[in-house]
Amino acid sequence: MIDVIGDLFVSFQKKLGKTYVCEREGAMYPQARQSAPSQSAQQLKFTTSDSCDRIKDEFQFLQAQYHSLKLECDKLASEKTEMQRHYVMYYEMSYGLNIEMHKQVSNFLGLFLEMLHGLSYHKCDKFHD
């Protein structure tokens, strides 16, 4: 358990760019490696309750981030569903219009051929008279 907390402190130190001196039950733990000599003046002392408060704040921040990202994800999922519904609706309309257009074209061609056939009979009757 102490190793896990120690690892958390090291990760916080890296994240914040600071080093801390940890005091626990009168024992002094060694500092983490400093990345620059100017940071030695930025050393802070903290207690277990301070560490727990920091962890709690970080957890609450991450929880709030998770919640907002989950809301955004849910919103995008509902928009995706709506777009898919519109796509299906437009596809069905397009398919229906295509079928109707082919029916109208075949009707038009039928009428045209009938008229053409009628004209040819009419011309043939004129030539035979």
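This report describes a predicted model of a single protein chain, beginning with its overall layout and confidence and then turning to its side-chain pairs and its surface.

## Overall layout

The chain has 129 residues, and its secondary structure comes to two helices and three strands. Read from the N terminus on, these elements follow the order α-β-β-β-α, and helix α2 covers residues 48-128.

Of the residues in the chain, 8% count as buried. The chain exposes about 11,500 Å², and carbon and sulfur atoms supply 63% of that area. Among the contacts with a separation of 6 or more, 39% are between residues that lie 24 or more positions apart.

## Confidence in the model

Because the model is predicted, its confidence values deserve attention before any detail is read from it. The average pLDDT of the chain is 77, and 57% of the residues score at least 70. Confidence is highest in α2, at a mean of 91, and lowest in strand β2, made of residues 27-28, where the mean is 44. Over residues 22-32 the pLDDT is below 50, although this stretch has 17 contacts in the model beyond near neighbours in sequence.

## Aromatic pairs in helix α2

A pair of aromatic rings is described by the distance of the centres and the angle of the planes. The structure holds two aromatic pairs. In the pair of Y87 and Y91, the ring centres are 6.4 Å apart and the planes meet at 25°, which is under the 30 degrees required, so this pair counts as stacked. Y87 and Y91 both belong to helix α2, where four residues, or about one turn of the helix, separate them. Y87 has a relative accessibility of 58% and therefore counts as exposed, and Y91, at 51%, counts as exposed as well.

F108 and F112 form an aromatic pair that is also stacked, with 6.4 Å from centre to centre and 20° between the planes. Because F108 and F112 are four residues apart in helix α2, about one helical turn separates them. F108 is exposed, with a relative accessible area of 56%, whereas F112, with a relative accessible area of 43%, is partly exposed.

## Salt bridges in helix α2

Side chains of opposite charge can pair when their charged atoms come close. A search of the whole structure finds two salt bridges. One of them joins D74 to K70, with the closest N and O atoms 4.0 Å apart. D74 and K70 are four residues apart in helix α2, so about one helical turn lies between them. D74 has a relative accessibility of 41% and counts as partly exposed, and K70, at 40%, counts as partly exposed too.

The other salt bridge is formed by E82 and R85, whose closest N and O atoms are 2.7 Å apart. Here the partners are three residues apart in helix α2, and E82 and R85 are therefore separated by about one helical turn. E82 counts as partly exposed because its relative accessibility is 35%, and R85 counts as partly exposed at 46%.

## A nonpolar surface patch

Seven residues, M101, V105, F108, L109, F112, L113 and L116, make a nonpolar surface patch of about 700 Å². One of these residues, F108, is found in helix α2, and with 56% relative accessibility F108 counts as exposed. The patch also includes F112, and F112 is the stacked partner of F108 in the aromatic pair described above.

Technical notes
Residues numbered from 1 in each chain as written. Predicted model: local features only at pLDDT ≥ 70, side-chain atom pairs only at ≥ 80, totals over all residues. Heavy atoms only, no water. Patch = residues over 30% accessible without salt bridge, like charges linked within 9 Å, V, L, I, M, F, W, Y side chains within 5 Å. Areas by Shrake-Rupley, 256 points an atom, 1.4 Å probe, with all protein chains shown as cover. Salt bridge = Lys/Arg side-chain N within 4 Å of Asp/Glu carboxyl O. Buried < 20%, exposed > 50% of the residue type's maximum accessible area, 1.4 Å probe, protein only. Phe/Tyr/Trp six-rings, centres within 6.5 Å; stacked < 30°, edge-to-face > 60°. Contact = heavy atoms within 4.5 Å. pLDDT = per-residue confidence, 0-100.
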